[in-house]
Amino acid sequence: MPAHYPTSRMRRLRATPQLRELFRETEINPRDLVLPIFVDEGSSDFIDIKSMPGVRRIPEAKLAQEVERYARAGLRSVMTFGISHHKDSHGTDTLNPDGLVARMSRIIKDAVPEMVVMSDTCFCEYTDHGHCGILHGDTVDNDSTVLNLGKQAVIAAQAGADIIAPSAAMDGQVAAIRSALDAAGFHDTPVMAYSTKFASGLYGPFRDAAGSTLKGDRKTYQMDPMNRREAIRESLIDEAEGADALMVKPAGAYLDIIRDLREVTRLPIGAYQVSGEYAMIKFAAQAGAIDERRVVQETLGAIKRAGADMIFTYFAMDVLNNPY
């Protein structure tokens with residue numbers, strides 16, 4: 001049995017900074033972090049996102065130099081989101097070999113070949129209605145959407161994307177993408193599935209950043225935030241369809257899901273600290289309510305401790321520039 005006080009004194013291992021560091025169980029490493037970025041094909045300069053202090057839309061013309069800056073700071077991975085000025089009902093710009101999805105990957109890989117590019121594979125930023133697929137009436141048509149997701153994945157892979165990351169939350173999307181990639185010869189291109197994606201209230205600032213034109217909501221295809229067993233089932237289905245890695249989104253409010261998933265899969269797990277989580281920390285810090293640096297460390301540490309192997313976070317550059 002464990003020894004008790006006074007034989008055991010937990011303070012012994014906390015007495016100095018050196019001892020605390022020596023016995024720290026969880027570390028945030030630069031290789032754990034993925035920075036989501038917003039690339040605007042229509043702007044000539046950076047655009048501040050008011051609901052996400054410190055985050056800006058990147059003009060496509062300046063994407064190469066921005067990614068070079070990331071690389072100098074030690075960032076190794078980015079997730080690309082496009083701000084399209086060529087929207088239509090089907091998001092057809094994503095299926096264009098010279099469209100924004102392709103250009104983002106091509107520019108980044110040309111500028112910094114060693115940067116890992118994860119291509120968000122969806123349609124919400126490219127449709128005039130803001131939904132993640134093809135609408136039939138008020139409903140997203142699952143099966144026609146997954147066919148287009150496969151086409152978009154091939155376009156991204158051809159442009160140099162290292163990882164395909166489908167976020168559309170369609171049933172069967174991983175299997176469709178895997179089949180399309182294999183048929184096009186991209187057998188070695190992995191799929192990082194947004195495998196457990198909740199219909200969360202924490203996405204609001206992202207929609208501001210991405211210029212969303214969403215009409216209605218996504219509750220028919222994203223998950224009910226109150227469901228725990230279904231959350232694990234969703235990810236295990238994606239694993240069975242051939243996903244190479246899984247993701248829980250959002251992260252902070254779903255640490256139990258990350259832990260549950262870690263216990264039933266051997267696949268790598270990512271967790272997305274979403275825009276609302278970022279904004280809450282930023283605005284609270286601006287109000288003097290919290291110490292931003294400490295809270296960022298705590299929240300990222302909690303996500304890692306729960307079982308995530310990688311963290312998608314808008315704080316990635318902050319962490320790299322001010323290591324803990």
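**Close-up views of aromatic contacts**

**View 1. The buried ring of F81 and its partner F206.** We start inside this predicted model with F81, which is buried at a relative accessible area of 1%. F206 is buried too, with a relative accessible area of 12%. The model holds nine aromatic pairs. One of them joins F81 and F206 edge-to-face, with 5.1 Å from centre to centre and 80° between the planes. Because F81 belongs to strand β4 (residues 77-83) and F206 to helix α6 (residues 204-209), their pairing ties together parts that lie 125 residues apart in sequence.

**View 2. A tilted pair formed by Y278 and F315.** Here the ring centres of Y278 and F315 are 4.5 Å apart and the planes meet at 45°, making the pair tilted. Y278 sits in helix α9 (residues 275-286), while F315 is in the loop between β12 (310-313) and α11 (316-321), so this pair links parts 37 residues apart in sequence. Both Y278 and F315 are buried.

**View 3. One aromatic cluster.** Stepping back, we can place both pairs in a wider group: F81, F206, Y278 and F315 belong to one aromatic cluster, together with F38, Y272, F312 and Y314.

**View 4. R56 over the ring of F46.** In this view, look for R56 over the face of F46. The distance from R56 to the ring centre is 3.9 Å.

**View 5. K249 over the ring of Y203.** Our last stop is a lysine: the charged end of K249 is found over the ring of Y203. It lies 5.2 Å from the centre of that ring.

Key. Residues numbered from 1 in each chain as written. Predicted model: local features only at pLDDT ≥ 70, side-chain atom pairs only at ≥ 80, totals over all residues. Heavy atoms only, no water. Phe/Tyr/Trp six-rings, centres within 6.5 Å; stacked < 30°, edge-to-face > 60°. Helix = DSSP H or I, 4+ residues; strand = E, 2+ residues; numbered from the N terminus. Buried < 20%, exposed > 50% of the residue type's maximum accessible area, 1.4 Å probe, protein only. Lys NZ or Arg CZ within 6 Å of the ring centre and 35° of its normal.
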